[in-house]
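Here are a few exercises on pockets, packed helices and cavities, each with a worked solution. Have a look at the structure, try each task yourself, then read on.

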Amino acid sequence: MSILKLENEILNLVKEYYLLKNSNDKIEPGKDIIPVSGKSYNENEVVNLTQSALDFWLTAGRFNKEFEKKLSNFLGIKYVLTTNSGSSANLLAVSALTSEKLGNKRLLPGDEIITVAAGFPTTINPIIQNNLKPVFVDVDIGTYNINTEALKNAISKKTKAIVLAHTLGNPYDLDEISEICKRNDLYLIEDCADALGARFNDKIVGSFGNIATISFYPAHHITTGEGGAVYTKNSLFKVILESFRDWGRDCYCEPGEENTCKKRYDWLLGDLPHGYDHKYIYAHAGYNLKLTDMQAAVGSAQIDKIDIFINKRKKNFKKMYELFKNLEDYIYLPECHKLAEPSWFGFPITLKSNDTNFRTKLLKYYEEKKIGNRLLFGGNIIKQPYMKNREYKIIGDLKNTNKIMNSTFWLGVHPRINDEHISYMFECTKKFFKK
């Protein structure tokens with residue numbers, strides 16, 4: 001039997017195995033937990049993963065090239081670099097702003113970056129890790145995105161950049177924030193971890209800033225298990241990001257390739273001798289944050305379904321909004337900017353009650369009813385244990401951020417959820433409030 005014929009036989013058996021194993025994959029409300037998030041996949045991902053295993057090219061290879069190209073086409077962004085996580089993508093994005101290749105536009109220790117405290121830690125941590133100072137401003141209840149008036153008040157002579165996530169897939173006012181950045185000569189990094197496919201003023205998020213990031217953790221719109229990407233339209237940023245991602249090297253050869261520049265032994269950089277092998281010349285204090293080809297094989301199959309996933313999330317969100325609107329006496333419903341077209345990651349709810357124990361009672365009730373839920377990530381980040389004795393600034397009193405810390409949570413809208421699950425979540429919630 002030929003290798004090709006044997007491979008086809010293996011892949012057909014893998015497909016058959018998947019279909020048999022998942023023939024009764026159903027979530028029954030009240031009996032099974034309705035997950036707040038989770039992976040959606042079929043035999044295509046499993047077949048791709050098996051093909052990659054048979055190739056046994058363990059670092060980034062042909063599937064990664066394919067995945068990056070598909071991502072680039074979907075996003076309309078020329079330079080897309082996969083990473084081993086969305087958190088790593090954020091680290092690369094902020095680190096890139098410190099590169100000497102930017103000349104007098106590089107960020108230096110002590111420079112300020114405006115962000116919000118109501119978010120995920122690894123949007124903020126790269127600021128601290130690069131010896132920059134985070135400046136925290138408040139958000140608006142409903143959108144859970146930055147209050148633009150507070151943002152304007154936060155700008156000082158030391159402000160050099162704005163780093164913000166599109167909360168739960170809901171775009172912030174990119175027109176106004178882009179104009180603020182332009183007027184004040186600031187960098188903008190868009191954390192699109194929750195927002196793949198979201199649009200603002202008919203442009204995809206991630207295309208407004210200097211650099212954007214995405215996560216492919218299983219909770220997100222598409223998954224590679226662990227994984228993410230960083231992307232940019234700027235060729236200089238592409239070179240810098242790639243260097244930081246790939247050990248800090250100056251060389252840009254693909255894994256397994258060499259002498260792409262055609263002068264591998266003709267460089268003179270730093271204080272190294274002339275002709276030092278370019279593969280071992282380092283321009284930055286970098287990392288190894290690449291994706292494996294096995295992960296990319298899964299991602300390549302996932303991205304083919306992205307429109308289906310996004311549309312199902314939007315449909316689920318709309319259904320939830322229609323039902324939960326009946327509970328406005330008790331909750332603040334989610335909102336979005338009039339020019340925003342969210343790609344919802346979850347359905348955020350803030351309780352109107354100021355009783356700080358009320359949310360805990362509701363979440364315990366959800367646990368009994370097998371309804372998955374999550375808080376809005378770190379709540380108020382400055383209250384987290386690891387933020388003690390850190391250098392940062394606060395603008396205003398972060399009133400809404402504190403309200404979110406005490407009263408906000410979100411429910412799932414991912415593609416495996418259907419109308420039956422949504423109705424069950426609503427009816428359970430209504431009964432809780434009526435008590």
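**Exercise 1.** By class, how many nonpolar, polar and charged residues does the lining of the second largest pocket have? Work out which parts of the chain form that lining too.

*Solution.* Before we start, keep in mind that this is a predicted model.

Step 1: Get the pocket in view. The second largest pocket holds about 310 Å³ of space.

Step 2: Find its lining. There are 23 lining residues, and Lys65, Glu68, Glu242, Arg245 and Glu254 are the ones nearest the centre of this pocket. The elements giving two or more residues to the lining are α3 (62–75), β1 (79–83) and α8 (235–245).

Step 3: Sort by class. The lining of the second largest pocket splits into nine nonpolar, four polar and ten charged residues.

**Exercise 2.** Describe the largest pocket: give its volume, its lining and the classes of its residues.

*Solution.* Step 1: The volume of the largest pocket comes to about 530 Å³.

Step 2: Count 32 residues around the largest pocket, with Phe120, Ala193, Asp194, His220 and Phe377 nearest its centre. Two or more lining residues come from each of α4 (86–96), β2 (112–116), α5 (121–129), β4 (159–165) and β13 (374–375).

Step 3: Now the classes. In the lining of the largest pocket you'll find 14 nonpolar, 14 polar and four charged residues.

**Exercise 3.** Work out how α4 and α5 sit against each other.

*Solution.* Step 1: Know what to look for. A pair of packed helices is described by the angle between the axes and the distance between them.

Step 2: Take the values. The axes of α4 and α5 are 8 Å apart, and the helices pack at an angle of about 40°.

Step 3: Name the arrangement. α4 and α5 are therefore oblique to each other. Their crossing is right-handed.

Step 4: List who touches whom. From α4 come Ser87, Asn90, Leu91 and Val94, while α5 brings Thr122, Thr123, Pro126, Ile127 and Gln129. Sorted by class, this α4 and α5 contact has four nonpolar, five polar and no charged residues.

**Exercise 4.** Do the same job for α3 and α9.

*Solution.* Step 1: Helix α9 covers residues 293–303, and α3 packs with α9 at an angle of about 35°, with the axes 8 Å apart.

Step 2: Check the handedness. α3 and α9 make a left-handed crossing.

Step 3: Pick out the contact. On the α3 side are Arg62, Phe63, Asn64, Glu66, Phe67, Lys70 and Leu71, and they meet Asp293, Ala296, Ala297, Gly299, Ser300 and Ile303 of α9. That contact of α3 with α9 has six nonpolar, three polar and four charged residues.

**Exercise 5.** How many cavities of 30 Å³ or more does a search of the whole structure find? Describe the largest and the second largest.

*Solution.* Step 1: The search turns up four cavities of 30 Å³ or more.

Step 2: Start with the largest cavity, which has about 70 Å³ of space. Lining it are Lys101, Val239, Glu242, Ser243, Asp246, Arg249, Asp250, Cys251 and Tyr252. By class, that makes three nonpolar, one polar and five charged residues.

Step 3: Move on to the second largest cavity, with a volume of about 50 Å³. Among the residues lining the second largest cavity are Gly38, Lys39, Ser40, His220, His221 and Arg313. The class count for this lining is four nonpolar, six polar and two charged residues.

Notes:
Residues are numbered from 1 along each chain as its sequence is written. This is a predicted model: local features need pLDDT of at least 70, side-chain atom pairs count only at pLDDT 80 or more; totals for chains, interfaces and linings use all residues. Side-chain values use heavy atoms; hydrogens and water are left out. On a 1 Å grid over the protein atoms alone, a cavity is a set of points where a 1.4 Å probe fits but cannot get out, and a pocket is an open set with protein on both sides within 12 Å along at least five of seven lines; lining residues have an atom within 4 Å of a point. Grid points are joined across faces, edges and corners, and a volume is the space filled by probe spheres set on the points. Helices (H or I, at least four residues) and strands (E, at least two) are DSSP runs, numbered from the N terminus. Ala, Val, Leu, Ile, Met, Phe, Trp, Tyr, Cys and Pro count as nonpolar, Asp, Glu, Lys and Arg as charged, and the others, Gly among them, as polar. Axes are lines fitted to C-alpha atoms, for helices over the stretch in contact, and angles run from 0 to 180 degrees between N-to-C directions. Angles under 35 degrees count as roughly parallel, over 145 as roughly antiparallel, 65 to 115 as roughly perpendicular and the rest as oblique. A crossing is left-handed if the near helix is turned anticlockwise from the far one by less than a right angle, and right-handed if clockwise. Contact means heavy atoms within 4.5 Å.
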